[in-house]
Amino acid sequence: MTSSPGDKGGPPSKVGAGRFSLQQRLGAGIFAEVYRGVDHSTGEAVAIKLEDQRDGDLQLDFEAVILADLADPERRHGFAQCFYSGEEGMYNCLVMDLLGMSLEDHLTNCGGTFNATTSILIAEQGIHRLRYLHSKGYIHRDVKPENFVMGLGAKAHHLYLIDFGLSKRYFKDRHIPLKYNVGMVGTPRYASLNALRGTEQSRRDDLESVGYLIIRFCVGTVPWSGLGGTTQDEKYRKILNKKEACPLGDLCKGLPSAFPKYVRKTRSLGFEETPDYDFLLDMFADARSRHGPEQDHEFQWLVGVKLGQLDPMELPEDLEQPDEAAAVESSVSNPFFALAAWFTNSCSSTANRSTSEIAFAPSHRSSDTVHCGHAASDASQSDVDDAEPDERMHRPHLMQCN
Ligand SMILES: Nc1ncnc2c1ncn2[C@@H]1O[C@H](COP(=O)(O)OP(=O)(O)OP(=O)(O)O)[C@@H](O)[C@H]1O
Ligand SMILES: [Mg+2]
């Protein structure tokens, strides 16, 4: 998309039967563009994400479905509200809350690194966001600095998780099965070891990525940055080899001990294992008690800024993961099934331990871009092929999200 809103063949200047107007462009990913806009029915500023239907690899519908699921029965902190989803000319559109700058943009403004305290706050909120997403049966599969943005005004200290274009439903009645050679989905720099090996992703992979994110934030880089290759597979293999070979002690030299502990812990999770989110959060709570910050809004870029009344952070602890809810249900109806579920879960954790011996999974992708999710459709295609019938839903025409 290179043309301006309203240009012939370009993005529309208005969407939602004239309710929303597009203003300036805020950002662009590999397959979509995001504009600042206005909702004429309220006068409020909004963000409008557009996807060109001619590009083929369409994901915005699915994103709208996920946002609607996440808001049911009530929207939680750290997720945008979707106001409208539909079509306008050749474009799919999703209108949502206008949010602030991404962590990648903040990183650039801060000179390429964040201090440990800012990174600890990011880790804490990042885990909370993933815990909620996982509780709804989805995994994100593209945890990276561009997909975390800060809120605005009274929510300036809220970290939002955005961009569900590569997300996948991992639990519907039961956990998806462990598979190998599925092709890498996500961004190699932050991808888990198992994702780079081509293993089907689950909750553990999202969490492992948060570890690489905060290490890069504190250090400014990671040793596998900029590794090239003559093919995409070769490049991924080099990144995987480097990530595997890099001692966590060296990688996290000078950083709070919670950082290597967190990566070690998330790497050791089983494919179907329910992560102990509280345990992971406690690591950073402990780091916070040693290194600070005391306040949950002490992000580097907010220090010294005159902040008005802030919305206190909601950090729900009552979240049940879908497998926990299913286990309770089945044990109530039949204790034998509960025992069987426990046994299956134990076996899958054991099976996981041998994944490092699995041969590297060649990707079917032809694109050589670092971000492999949107550029080539096969990553999503393999998901579509594997999807449960209702996993990828058809376009909900003119869906009202609120
Ligand atoms: N609600 C929003 N408010 C403000 N800015 C936003 C919003 N949503 C997205 N952005 C900005 O636009 C950028 C691209 O958005 P998004 O990640 O949703 O697009 P994408 O094409 O799916 O990206 P990717 O290539 O990472 O998959 C974000 O990194 C962010 O800077
Ligand atoms: Mg993105």
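**Fold, ligand shell and backbone oddities of the predicted model**

Of the 402 residues in the protein chain, 43% count as buried. The model is a predicted one, and its secondary structure adds up to 13 helices and 12 strands. Contacts reach well along the chain: taking those between residues at least 6 apart in sequence, 67% join residues at least 24 apart. Mean pLDDT for the protein chain comes out at 85, with 81% of residues at 70 or more. Residues 346-399 are another matter, with pLDDT below 50, although this stretch still makes 94 contacts in the model beyond near neighbours in sequence.

An open sheet of 6 strands runs in the order S1-S2-S3-S4-S6-S5, and its pairing is antiparallel. At the edges sit S1 (14-15) and S5 (82-88), each of which pairs on one side only. Helix H1 (residues 60-70) packs on this sheet and touches S3, S4, S5 and S6, with its direction at about 30 degrees to that of S6. Back at the S1 edge, the antiparallel pairing of S1 with S2 rests on 2 bridges; Val15 has Phe20 of S2 as its bridge partner.

The sheet also turns up around the ligand. Ligand 1 is surrounded by 25 residues, and the closest are Gly27, Gly29, Ala32, Ala47 and Asp163. At least two shell residues each come from S2 (20-28), S3 (32-39), S4 (45-52), S6 (91-97) and helix H12 (372-375), with S2 giving the largest share, 3 residues. H12 falls at 372-375, and pLDDT is below 50 over residues 346-399. Sorted by class, the shell holds 13 nonpolar, 8 polar and 4 charged residues.

A few backbone details stand out. Most residues other than glycine have a negative phi, and most peptide bonds are trans. Asp163, one of the closest residues to ligand 1, has a positive phi of about 65 degrees without being a glycine. Asp163 sits in the loop between S9 (159-161) and S10 (168-169), and it counts as buried because 23 other C-beta atoms lie within 10 Å. Asn181, also not a glycine, has a positive phi of about 55 degrees; its place is the loop between S12 (174-175) and helix H4 (193-196). With 16 other C-beta atoms within 10 Å, Asn181 is partly exposed.

Then there are the cis peptide bonds. The bond from Asp72 to Pro73 is cis, with omega near 5 degrees, and Pro73 is found in the loop between H1 and S5. The bond from Gly292 to Pro293 is cis too, with omega near 0 degrees; Pro293 lies in the loop between H9 (277-291) and H10 (322-333).

Notes: Residues numbered from 1 in each chain as written. Chains lettered and ligands numbered in written order. Predicted model: local features only at pLDDT ≥ 70, side-chain atom pairs only at ≥ 80, totals over all residues. Near = placed C-beta within 6 Å. Helix = DSSP H or I, 4+ residues; strand = E, 2+ residues; numbered from the N terminus. Nonpolar A, V, L, I, M, F, W, Y, C, P; charged D, E, K, R; others polar. Buried ≥ 20, exposed ≤ 12 C-beta atoms within 10 Å, placed from the backbone. Contact = placed C-beta atoms within 7 Å. Pairing = 2+ DSSP bridges. Axes fitted to C-alpha atoms, helices over the stretch in contact; angles between N-to-C directions. pLDDT = per-residue confidence, 0-100.
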